[in-house]
Amino acid sequence: MKVFEITGPNVSRVRNVNLKEPGNNEVLIKVRACGICGTDIHMFKGDVKLAEYPIVPGHEFSGEVISVGNNVKDFSEGDRVAVDPNIACGGCYYCKMGMPNFCENWRAIGIHLQGACAEYVLVPQSNVYKIPENLSFEEAAFTEPVSCCVHGQDLLNLKGGESIAIFGLGPIGLIHAQLAKGKGASNIIGVDVVEYRIKFAESKEYFDHVINPRERNVLEEISRITKGKGVDVVIEASGSTDAFETGTKILGLNGKILVFGVAPEDKLATLKPFEIYRKQLSIIGSFINPFTTERALRMLSSGVVQVRDIISHEIELEEIESYYKKIEKKEDNVMKVMVKP
Ligand SMILES: [Zn+2]
Ligand SMILES: [Zn+2]
């Protein structure tokens, strides 16, 4: 079978490898759609140390069951499935404390184990989920990013009626906006500097306002929109530390900011502790997707989150490297790029 492999910083190749048989508890899946994620690009550039090269990336995917191991009873050939790529050990301190996202023996498909930028991939049966009938493979490939957003919004504990500013209007920001709308957020404000992403968000009914900080002052605009009160919630989905700082400034009393975007590891931001105290602010981190995969699939199926229009390109394994560069530079109006191996 063909795989796309990152062999070192900024080096990749497509090559043939032997197809393995599923182990007793494994499911062999023919990959039908695999989204490219910012994490893949970090691994390609070598600017985050997650795993050892060579890596076959691809952790946002769906496909069709080809064969199953001896102990697998719930899946059979031809099943349409989505996958939670994060494998927790179940036995460490954090797993036992109900926090498998912090598993001390964490392994992820597409990071530590062969991912889905390949014709086939092996997955432990406990990480496989059946796709509801009304979802396409391409939509179901969003299960992992949606599940991460669901976890973040669980931590925000929205009650409905909140005003929310979302920084970063890529696929993740658009998913967050729809989830927030589904929970009854009353006023959703998108913030981004990339022109085509601003236009895209403006065309979506789930945004009430869209602001480009290069054209308008975000603090003034938010103050105008919220009549001087500030927003109840900020979702930082851009990874920019400037956005994080601005986000904390536009929060109203008792406001919460969800730190969802991945900022460069060593970059600092400035905050006034007095403001956190006096305004009673909460800063909330969110890491991957503990127990949210099934709910993500249901919300995709029910239409609370619609992702079909977020797919901007469908490509082959041979095109992945060139699209990493396009995604990084935001060329060619990229939103979610879907690999169809
Ligand atoms: Zn991802
Ligand atoms: Zn564990």
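Student: Leaving aside residues up to four places away in sequence, which residues does Glu60 touch?

Tutor: In this predicted model, Glu60 touches Cys34, Gly35, Cys37, Ala141, Phe142, Glu144 and Pro145. The residue belongs to strand E4, which covers residues 60-68.

Student: How many residues along the chain separate Glu60 from Ala33, and what is the distance between their C-alpha atoms?

Tutor: Glu60 and Ala33 are 27 residues apart along the chain, and their C-alpha atoms are separated by 8.3 Å.

Student: How should burial be read here: is Glu60 buried or exposed?

Tutor: A residue counts as buried if 20 or more other C-beta atoms lie within 10 Å of its own. Glu60 has 31 other C-beta atoms within that radius of 10 Å, so it is buried. Over the whole protein chain, 45% of the 341 residues count as buried.

Student: What does the overall fold consist of, in terms of helices and strands?

Tutor: The protein chain holds 11 helices and 17 strands. Its radius of gyration is 20 Å, close to the 20 Å that the globule rule gives for 341 residues, so the chain is as compact as a globular protein of that length. Along the principal axes, the C-alpha trace spans about 60 × 40 × 40 Å. As for contacts with a separation of 6 or more, 70% are between residues 24 or more positions apart.

Student: Into which domains is the protein chain divided?

Tutor: Domain 1 comprises 2-142 + 307-339, and domain 2 comprises 147-285. Their C-alpha centres lie 28 Å apart. Seven residues of domain 1 are in contact with seven residues of domain 2. On the domain 1 side of this contact, two residues are nonpolar, two are polar and three are charged.

Student: Which residues touch the most other members of the largest nonpolar core?

Tutor: That core contains 93 residues, and Cys117, Ile164 and Ala165 touch the most other members. The core draws at least three residues from each of domain 1 and domain 2.

Student: With which residues is Cys117 in contact, leaving aside its neighbours within four places in sequence?

Tutor: The partners of Cys117 include Val3, Phe4, Cys34, Val56, Pro57 and Gly58. Also among them are Leu317, Ile320, Val339 and Pro341. Cys34 is likewise one of the residues that Glu60 touches.

Student: How does one read backbone geometry, and what is usual for phi and for peptide bonds?

Tutor: Most residues other than glycine have a negative phi, and most peptide bonds are trans. With that in mind, consider the bond from Tyr53 to Pro54, which is cis, with omega near -5 degrees. Pro54 is placed in the loop between helix H1 (38-45) and E4, and E4 is the strand in which Glu60 lies.

Student: What is phi of Asn254, and where is this residue found?

Tutor: Phi of Asn254 is near 65 degrees, a positive value in a residue other than glycine. Asn254 is found in strand E14, residues 251-259. With 11 other C-beta atoms within 10 Å, Asn254 is exposed.

Student: What is phi of Lys330, and where is its place in the chain?

Tutor: Lys330 is not a glycine, yet it has a positive phi of about 55 degrees. Its place is in the loop between helix H11 (320-329) and strand E17 (336-339). Lys330 has 16 other C-beta atoms within 10 Å, so it is classed as partly exposed.

Terms used. Residues are numbered from 1 along each chain as its sequence is written. Chains are lettered from A and ligands numbered from 1 in the order in which they are written. This is a predicted model: local features need pLDDT of at least 70, side-chain atom pairs count only at pLDDT 80 or more; totals for chains, interfaces and linings use all residues. Domain bounds come from an automatic or database domain assignment. Two residues are in contact if their C-beta atoms, placed from the backbone, lie within 7 Å. Ala, Val, Leu, Ile, Met, Phe, Trp, Tyr, Cys and Pro count as nonpolar, Asp, Glu, Lys and Arg as charged, and the others, Gly among them, as polar. Helices (H or I, at least four residues) and strands (E, at least two) are DSSP runs, numbered from the N terminus. The radius of gyration is taken over C-alpha atoms; the globule rule is 2.2 Å times the number of residues to the power 0.38. A residue is buried if 20 or more other C-beta atoms lie within 10 Å of its own, exposed if 12 or fewer, and partly exposed in between; C-beta atoms are placed from the backbone. A nonpolar core is a set of buried Ala, Val, Leu, Ile, Met, Phe, Trp, Tyr and Cys residues joined through C-beta atoms within 7 Å.
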